[in-house]
Amino acid sequence: MARGSLKNNYFNVGDPYSEWCRENQVYMIDMDAVGICKRCKHPLYLAETCFDRGQTWKATATTEALANLASLPSFLVFYKVDEKRELESFRITQLTPIKGNETYLLPEGWYQVLELLQERHDLICTKKDRNVL
Ligand SMILES: [Zn+2]
């Protein structure tokens with residue numbers, strides 16, 4: 001039988017579903033990012049994302065396992081924003097299919113990588129002839 005219900009701090013603790021799982025010792029994580037085809041919505045990549053505070057590590061085991069099961073590339077993405085909260089730089093590490101070294105990229109560089117993933121998918125996309133609105 002599931003234990004407990006939400007406490008009085010519903011608006012202060014973030015995700016009630018996550019809290020409920022923790023209370024009942026059934027574990028889950030949030031998937032940070034699933035890149036998708038802009039036409040058919042097929043998944044293109046998985047990513048763990050995090051504000052760049054100079055850290056060198058974030059848990060990625062589940063993301064890597066899912067990516068391997070789905071035969072998708074996956075990435076660890078640390079990102080910095082400026083005072084207007086606009087993205088200014090990335091530290092990217094490819095996790096699967098082959099672990100890469102951390103690479104510093106400006107937004108244009110990361111955009112090119114994501115466009116390449118879309119173009120690679122376009123070869124097999126079932127809706128590649130449709131316009132994106
Ligand atoms: Zn597609």
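## The chain at a glance

Of the 133 residues in this chain, 11% count as buried. What you're looking at is a predicted model, and the chain's pLDDT averages 90, with 89% of the residues scoring at least 70. The weak spot is residues 5–10, where pLDDT stays under 50 and the model has three contacts beyond four places in sequence. Where pLDDT is low, the predicted coordinates should not be read in detail.

Walk along the sequence and you meet three helices and five strands, following the pattern α-β-β-α-β-β-β-α. Take the contacts with a separation of 6 or more: 40% of them link residues 24 or more positions apart.

## How the sheet is put together

The five strands make an open sheet in the order β1-β2-β3-β4-β5, with mixed pairing. β1 and β5 (103–105) sit at the edges with a single partner strand each, so one side of each has no neighbour in the sheet. On average, neighbouring strands of this sheet are turned by 30° against each other, direction ignored.

Which strands run parallel? That would be β2 and β3 (residues 74–81), joined by six bridges. Across this pairing, Phe51 stands opposite Tyr79 of β3.

## The antiparallel pairs and their hairpins

Start with β1 (residues 33–36) and β2 (residues 43–51), which pair in the antiparallel sense over four bridges. Val34 has Leu46 of β2 as its bridge partner. The hairpin of these two strands has six residues between them, and Lys41 takes a positive phi near 70° there.

Next come β3 and β4 (residues 87–96), an antiparallel pair held by eight bridges. Two cross-strand pairs are handy landmarks here: Leu76 has Thr93 of β4 as its bridge partner, and Val77 stands opposite Ile92 in β4. This hairpin has five residues between its strands, with Arg85 in the turn at a positive phi of about 65°.

Then there's β4 with β5, antiparallel again, through three bridges. Arg91 faces Tyr104 of β5 across the pairing, and the hairpin that joins the two strands runs through six residues.

## Helices against the sheet

Helix α2 (residues 61–70) lies across β2, β3 and β4, and runs at about 60° to β4. Helix α3 (residues 107–122) also packs on the sheet, touching β1, β2, β4 and β5, and its direction makes about 160° with that of β2.

Helix α1 (residues 16–23) holds Cys21. Is Cys21 buried, exposed or partly exposed? Cys21 has 15 other C-beta atoms within 10 Å, so it counts as partly exposed. Leaving out neighbours within four places in sequence, Cys21 is in contact with Val26, Tyr27 and Met28.

## The nonpolar core

Seven residues make up the largest nonpolar core: Tyr45, Leu46, Ala47, Ala67, Phe75, Leu76 and Leu95. β2 and β3 are the elements that give two or more residues to this core, and β2 supplies the largest share, with three residues.

Ala67 is worth a click. Setting aside neighbours within four places in sequence, Ala67 is in contact with Leu46, Leu72, Pro73, Ser74, Leu95 and Thr96. Leu46 and Leu95 are core members too, and Leu46 is also the bridge partner of Val34.

## Pro73, a loop residue with plenty of contacts

Pro73 sits in the loop between α2 and β3. With 19 C-beta neighbours inside 10 Å, Pro73 counts as partly exposed, because a residue needs 20 or more to be buried.

What does Pro73 touch, not counting residues up to four places away in sequence? The list is Tyr45, Ala67, Gln94, Thr96, Pro97 and Leu117. For Gln94, 21 residues away along the chain, the C-alpha to C-alpha separation from Pro73 is 7.5 Å. Of the other contacts, Tyr45 and Ala67 belong to the largest nonpolar core.

Terms used: Residues numbered from 1 in each chain as written. Predicted model: local features only at pLDDT ≥ 70, side-chain atom pairs only at ≥ 80, totals over all residues. Pairing = 2+ DSSP bridges. pLDDT = per-residue confidence, 0-100. Contact = placed C-beta atoms within 7 Å. Buried ≥ 20, exposed ≤ 12 C-beta atoms within 10 Å, placed from the backbone. Axes fitted to C-alpha atoms, helices over the stretch in contact; angles between N-to-C directions. Core = buried A, V, L, I, M, F, W, Y, C linked by C-beta atoms within 7 Å.
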